[in-house]
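Trainee: I'd like to learn how to read a structure feature by feature. Could you take me through one?

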Amino acid sequence: WNMDYIEKLNNLKEEYNERKIKEAAQDILNGELVIFPTETVYGIGANALNDDACKNIFKAKRNRYKRY
């Protein structure tokens, strides 16, 4: 592997990650939910000041066997 190639891949990865983080931030500002990995599980993120976003967290986490 050429070191220039590896450096280009790393730069692409960083640019991709930065773009995805900006997209997720905009989604949160728009009241959407964002799912993100942590060290052990996935987390759900939302704007805590947006009532609809908070309600959507509870809807997303509902018991799949319980009918609403």
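Trainee: Where do Lys 22 and Glu 18 lie, and how many residues apart are they?

Mentor: Start with the general idea. An α-helix has 3.6 residues a turn, so residues three or four places apart point the same way. Now the case here, bearing in mind that this is a predicted model. Lys 22 and Glu 18 both lie in helix α1, four residues apart, or about one turn of the helix. Their side chains meet in a salt bridge, at 3.3 Å from N to O.

Trainee: Are those two buried or exposed?

Mentor: For this you need the cut-offs: buried is under 20% relative accessible area, exposed is over 50%, and partly exposed is in between. Lys 22 has 54%, so it counts as exposed. Glu 18 has 47%, so it is partly exposed.

Trainee: How many salt bridges does the structure hold?

Mentor: Three. Besides the Lys 22 and Glu 18 pair, look at Glu 23. Glu 23 forms a salt bridge with Arg 19, where the closest N and O atoms are 4.0 Å apart. Lys 20 also bridges to Glu 23, with the closest N and O atoms 3.3 Å apart. That links Arg 19, Lys 20 and Glu 23 in a network of salt bridges.

Trainee: What is the spacing along the helix for the Glu 23 pairs?

Mentor: Glu 23 and Arg 19 are four residues apart in helix α1, so about one helical turn separates them. Lys 20 and Glu 23 are three residues apart in α1, again about one turn of the helix. As for accessibility, Glu 23 is partly exposed at 35%, Arg 19 is partly exposed at 46%, and Lys 20 is partly exposed at 36%.

Trainee: Which residues form the nonpolar patch on the surface?

Mentor: A patch residue needs over 30% relative accessible area and no salt bridge, and nonpolar side chains are joined within 5 Å. Here the patch is made of Met 3, Tyr 5, Ile 6, Leu 9 and Leu 12, which together have about 490 Å² of accessible area. Take Met 3 as one of them: it lies in helix α1, which covers residues 3-29. Its relative accessible area is 62%, so Met 3 is exposed.

Trainee: Let's move to the strands. How do β1 and β2 run, and how many bridges join them?

Mentor: They run antiparallel, and four bridges join β1 (residues 34-37) to β2 (residues 42-45). The two strands form a hairpin with four residues between them. To follow the pairing, look across from β1: Ile 35 stands opposite Ile 44 in β2, and Phe 36 stands opposite Gly 43.

Trainee: Which way do the side chains along β2 point?

Mentor: General idea again: in a regular strand the side chains alternate between the two faces of the sheet. In β2, Gly 43 and Gly 45 point to one face and are buried. Tyr 42 and Ile 44 point to the other face and are not buried.

Trainee: And α2, does it lie largely in the open or is it mostly buried?

Mentor: Count the buried residues. One of the ten residues of α2 is buried, so the helix lies largely in the open. Then check its N-terminal end, which Asn 50 caps: a side-chain oxygen of Asn 50 lies 2.9 Å from the backbone nitrogen of Asp 52.

Trainee: What does Asn 56 touch, leaving out residues up to four places away in sequence?

Mentor: Asn 56 touches Gly 31 and Leu 33. Asn 56 itself is found in helix α2, residues 51-60, and at 28% relative accessibility it counts as partly exposed. You can also compare sequence with space: Asn 56 and Ala 46 are ten residues apart in sequence, and their C-alpha atoms are 8.8 Å apart.

Trainee: Stepping back, in what order do the elements run?

Mentor: From the N terminus on, the order is α-β-β-α, with two helices and two strands in the chain. Of the chain's 68 residues, 7% count as buried. The chain exposes about 6,600 Å², and carbon and sulfur atoms supply 53% of that. Last, take the contacts between residues at least 6 apart in sequence: 8% of them join residues at least 24 apart.

Definitions and conventions. Residues are numbered from 1 along each chain as its sequence is written. This is a predicted model: local features need pLDDT of at least 70, side-chain atom pairs count only at pLDDT 80 or more; totals for chains, interfaces and linings use all residues. Side-chain values use heavy atoms; hydrogens and water are left out. Buried means under 20% relative accessible area, exposed over 50%, partly exposed in between (1.4 Å probe, protein chains only). Contact means heavy atoms within 4.5 Å. Accessible areas come from the Shrake-Rupley method with a 1.4 Å probe; for residues, only the protein chains shown count as cover. Patches are made of residues with over 30% relative accessible area and no salt bridge: like charges are joined within 9 Å, nonpolar side chains (Val, Leu, Ile, Met, Phe, Trp, Tyr) within 5 Å. A polar contact is a pair of N or O atoms within 3.5 Å; within protein, one must be able to donate a hydrogen and the other to accept it, and residues adjacent in sequence count only if both atoms are side-chain atoms. Two strands pair if DSSP finds at least two bridges between them.
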